[in-house]
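Visitor: I have a model with a bound ligand. Please show me how to read the ligand site.

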Amino acid sequence: MNTHSIEILSRDGAPGYLSIDLDALRQNYRYLCARTAPVPVAAVVKANAYGLDVARVAPVLRDAGCRDFFVAHVGEAHRLRQFVDGARIFVLNGLQPGAEDGCADAGIVPVLNSLEQARNWTQTAAMRGRRLPAVLQVDTGMSRLGLPPEEASALAADGTLRDRLELLFLMSHLASGDASEDVQNSDQLAAMKQASALFPSLPVCFANSGGVFLGAGFHGDLARSGIALYGGMPTDAIDNPMKPVVRLDVRVIQTRTVPAGARIGYGGAHVTTAETRLATIAAGYADGLPRSLGHRGAAFFDGVRLPIVGRVSMDSITLDIGALPAGTLKLGSLVELIGPHQTLEAIAADAGTISYEILTSLGDRYHRDYR
Ligand SMILES: *Cc1c(COP(=O)(O)O)cnc(C)c1O
């Protein structure tokens, strides 16, 4: 990376340089909209916009035309409000007892996940003498959140309850949206159609990022995308069409040459079999580089793969830099952890996890550059 970045890092002492491409984010949003058109796309910005900072991400999406935002918790919804004035904000995890008045006051739209939550919301509505907006989530086979079929039928049959709710969408969530051939997708779509028959004119909100790529039958009336916005791979059906949003470079804080038989890192878990040149870099599992990358993962420099040797520490990782000419890496040099030579998906796979977990774990110790 350029000397400008190195100077910034040296100045603020940050372990690395996390650059977030807001233009790529905007392009990803437009790309998804083009795929679902004329159906609009809502942005899922839970967990601080998948770790990328909702204060930076949400306004860009709003300026790109996004009018609907989903978060997981009420607290996230209250915080988001200041960044997306005028947009609709939905809370996926449901209406928890005690949150009703706060939601109603702030105009936050809860996703109702049970008959009990629906009743609580209608009580709040009754006290305010008006209907209150809500999304109704039904469980179509994930067994996580949402009304089971019998509760959905009960609610549909209860005219008084329905009249007091201003239902905006019937919603459900795909368990295997990224797996294009999985039969669970068509099973869930069939279950969604059955639930929809109970609420004939109610618009449908169904597809996550993966669902966008399953075809128009899954788009409903509003798609909800998270990971694809942030450059993650939404589907196994095609090569990742999303623009990379995140690049991570970590700096070298020490280099050394060790003889054969040297133990490397905690537990002496790696022992060299020959003289080895090493570089220690300034980020570890506290910076979202999982411990499971030990002995498996790598960093890159100028396209050259530098394997991780030994265990990942909390604040550092040791690399075998023997593939580079001696003297190439110096104090302050930056090695690529996420970027053109190692995608988010690739590092996640090496760590035995998914892009979502890598993004949401990056933490706040890096120097962040929003472009
Ligand atoms: C997180 C989440 C999404 C977004 O999923 P992506 O795969 O990131 O697009 C959509 N809907 C619900 C209910 C979610 O929990």
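Guide: A pocket, on a 1 Å grid over the protein atoms alone, is an open set of points with protein on both sides within 12 Å along at least five of seven lines. A molecule sits in one if more than half of its atoms lie within 2 Å of its grid points. Here the ligand sits in the largest pocket. This is a predicted model: local features need pLDDT of at least 70, side-chain atom pairs count only at pLDDT 80 or more, and totals for chains, interfaces and linings use all residues. Residues are numbered from 1 along each chain as its sequence is written, and side-chain values use heavy atoms, without hydrogens and water.

Visitor: Which elements give two or more residues to the shell around the ligand?

Guide: Helices (H or I, at least four residues) and strands (E, at least two) are DSSP runs, numbered from the N terminus. Helix H3 (46-50) and strand S9 (223-225) do so.

Visitor: How many residues surround the ligand?

Guide: A residue counts if one of its heavy atoms lies within 4 Å. There are 14, and Lys-46, Tyr-50, Ser-209, Ile-227 and Tyr-356 are the closest.

Visitor: Which polar contacts should I inspect?

Guide: Look for pairs of N or O atoms within 3.5 Å. The side chain of Tyr-356 places an N or O atom 2.6 Å from a ligand oxygen. For Arg-224, a side-chain N or O atom is 2.9 Å from a ligand nitrogen. A polar side-chain atom of His-173 lies 3.3 Å from a nitrogen atom of the ligand.

Visitor: How much of the ligand's area does the protein bury?

Guide: Accessible areas use the Shrake-Rupley method with a 1.4 Å probe. Alone, the ligand exposes 390 Å², and the protein buries 93% of that.

Definitions and conventions
Polar contact = N/O pair within 3.5 Å; in protein donor to acceptor, adjacent residues only side chain to side chain. 1 Å grid on protein atoms, 1.4 Å probe; cavity = no way out; pocket = protein on both sides within 12 Å on 5 of 7 lines; lining within 4 Å.
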